[in-house]
Amino acid sequence: MADKRDYYEVLGVSRDASADEIKKAYRKMALKYHPDRNPGDAAAEEKFKEAAEAYDVLSNPDKKARYDQFGHAGVGGAAGGAGGFDGFGGFSMEDIFSRFGDIFGGGFGGSFGGFGSSGRSGASSRAQKGSNIRIRVKLSLAEIVNGTTKTVKIPKSVKCPKCGGRGAESEADVHTCETCHGTGVVTRIVQSFMGRMQTSSPCPACGGEGKVISKPCSRCHGAGVVEGTEEVSFKIPAGVVEGMQLTVHGKGNAAKGNGVNGDLLVMIEEEENDELQRDGNNLIYTLFVSMPDLVLGTSAEIPSADGKVRIKVEPGTQSGTFLRVRGKGIPDINGYGRGDLLVYIQAWTPKKVSREEKDMLEKLRISPDFAPKPAKKDRNFFEQMKKMFS
């Protein structure tokens with residue numbers, strides 16, 4: 001995550017840039033570092049992918065909001081790499097063109113020959129993308145604190161095992177479309193009030209695929225996909241929050257015609273903890289203490305995210321006081337340290353007492369030492385809270 005550059009810096013735009021400015025900046029970067037303009041230049045190819053990754057996040061309002069709040073980890077940068085969350089670690093150049101090729105308005109097709117070094121054009125640049133799959137994953141407090149790896153079995157569309165996704169019984173049954181000659185588009189000249197104009201549209205004979213099948217696969221009937229299941233494993237970084245969505249690229253439904261797989265969208269849910277409550281990156285625990293222990297002082301073993309810890313309650317501690325155990329909260333998702341464990345002290349008042357205990361309490365009631373004498377700092381509850389959470 002430390003090696004990743006700021007996405008705004010990558011595209012050369014400010015953090016308050018409009019969607020149109022972001023799009024224009026990406027187009028400029030992609031044109032500059034396009035593989036056809038930089039043949040054999042590995043550094044240019046990396047910058048091309050880096051720009052695509054930045055645009056993928058900043059052009060999506062939800063991803064952009066998470067990135068602005070949490071940085072790279074908010075959009076899964078902590079997982080990274082092939083099969084990880086977001087990023088283009090496992091994406092091919094074809095994947096990038098299939099996702100973003102439309103923003104060039106045909107510029108790539110005319111100037112650079114479609115897919116550049118891949119030598120593909122027409123239908124290939126409009127490869128279908130499978131639909132996304134959304135799941136919810138519940139995490140315990142321990143999993144949120146430490147991060148975890150989850151493995152789920154997902155019913156989904158998968159590439160047909162019989163034909164390998166081509167949709168035909170054999171390679172010999174796949175033919176170039178004679179109408180569009182494999183481009184997937186047909187061009188027409190139409191007369192308008194502005195004169196003769198050239199228009200392009202998906203080929204009606206092949207549906208934009210650029211190929212036709214003479215003998216469809218007997219299992220998938222030409223679709224190239226069938227219903228199946230897949231076991232998917234993915235890492236969840238420490239510090240995620242309720243409602244955060246992580247993306248596992250390429251693990252959604254398979255696409256027809258050997259297109260690009262959809263994504264797996266993982267929505268985070270937090271399991272309720274019986275003892276500890278979350279407040280941002282802090283954890284709060286309520287410790288009930290008897291009146292004698294508040295007066296005389298005591299120590300207590302309390303739960304934390306890392307197991308039991310022992311704290312000391314000083315003599316004369318007031319009910320309503322917060323004690324802070326530093327570094328025992330939840331790690332910040334961006335790696336900026338860790339929250340604290342805040343212990344809320346609350347006096348425990350028995351509902352029933354014996355006659356002997358009542359007599360003792362009556363004596364204490366009239367004792368001057370038990371008459372409330374709050375200091376000024378004890379009166380201002382809001383100042384205490386402001387100091388505690390600052």
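Strands S8 and S9 (residues 264–270) run antiparallel and are joined by 4 bridges in this predicted model. Along this pairing, Gln-245 stands opposite Met-267 in S9. Both strands belong to an open sheet of 3 strands, ordered S1-S9-S8, with mixed pairing. S1 (133–139) and S8 (245–248) are its edge strands, and each of them pairs on one side only. Direction ignored, neighbouring strands of this sheet are turned by 30° against each other on average.

Let's move on to another sheet. This open sheet has 4 strands in the order S10-S11-S15-S14, again with mixed pairing. Strand S10 (277–279) and strand S14 (322–325) each have a single partner strand, so one side of each is left without a neighbour in the sheet. The average turn between neighbouring strands here is 35°, direction ignored. S14 pairs with strand S15 (residues 341–348) in the antiparallel sense, over 4 bridges. In this pairing Arg-324 stands opposite Leu-342 in S15.

Now to the helices. At what angle do helix H3 and helix H4 pack? H3 (residues 42–58) and H4 (residues 61–70) pack at about 100°, with their axes 6 Å apart. Angles of 65 to 115 degrees count as roughly perpendicular, and H3 and H4 are therefore roughly perpendicular to each other. Asp-56, Val-57 and Leu-58 are the H3 residues that meet Lys-63, Lys-64 and Tyr-67 in H4. Sorted by class, this contact has 3 nonpolar and 3 charged residues, but no polar ones.

Tyr-67 also leads us to the aromatic rings. The whole structure holds 5 aromatic pairs, among them the two below.

| Aromatic pair | Centre to centre | Angle between planes | Class |
|---|---|---|---|
| Tyr-8 and Tyr-67 | 6.1 Å | 40° | tilted |
| Phe-322 and Tyr-344 | 5.1 Å | 40° | tilted |

The pair of Tyr-8 and Tyr-67 links distant parts of the chain: Tyr-8 lies in helix H1 (residues 7–11) and Tyr-67 in helix H4, 59 residues apart. Are these two rings' residues buried or exposed? Buried means under 20% relative accessible area; Tyr-8, at 2%, therefore counts as buried, and Tyr-67, at 3%, counts as buried too. Tyr-7, Tyr-8 and Tyr-67 form one aromatic cluster.

The pair of Phe-322 and Tyr-344 takes us back to the sheet of 4 strands. Phe-322 is in strand S14 and Tyr-344 in strand S15, 22 residues apart, and this pair also links distant parts of the chain. Phe-322 counts as buried, with 16% relative accessibility, whereas Tyr-344 is partly exposed, with a relative accessible area of 27%.

Conventions: Residues are numbered from 1 along each chain as its sequence is written. This is a predicted model: local features need pLDDT of at least 70, side-chain atom pairs count only at pLDDT 80 or more; totals for chains, interfaces and linings use all residues. Side-chain values use heavy atoms; hydrogens and water are left out. Axes are lines fitted to C-alpha atoms, for helices over the stretch in contact, and angles run from 0 to 180 degrees between N-to-C directions. Helices (H or I, at least four residues) and strands (E, at least two) are DSSP runs, numbered from the N terminus. Angles under 35 degrees count as roughly parallel, over 145 as roughly antiparallel, 65 to 115 as roughly perpendicular and the rest as oblique. Contact means heavy atoms within 4.5 Å. Ala, Val, Leu, Ile, Met, Phe, Trp, Tyr, Cys and Pro count as nonpolar, Asp, Glu, Lys and Arg as charged, and the others, Gly among them, as polar. Two strands pair if DSSP finds at least two bridges between them. Rings of Phe, Tyr and Trp (its six-membered ring) pair if their centres lie within 6.5 Å; planes under 30 degrees apart count as stacked, over 60 as edge-to-face and the rest as tilted. Buried means under 20% relative accessible area, exposed over 50%, partly exposed in between (1.4 Å probe, protein chains only).
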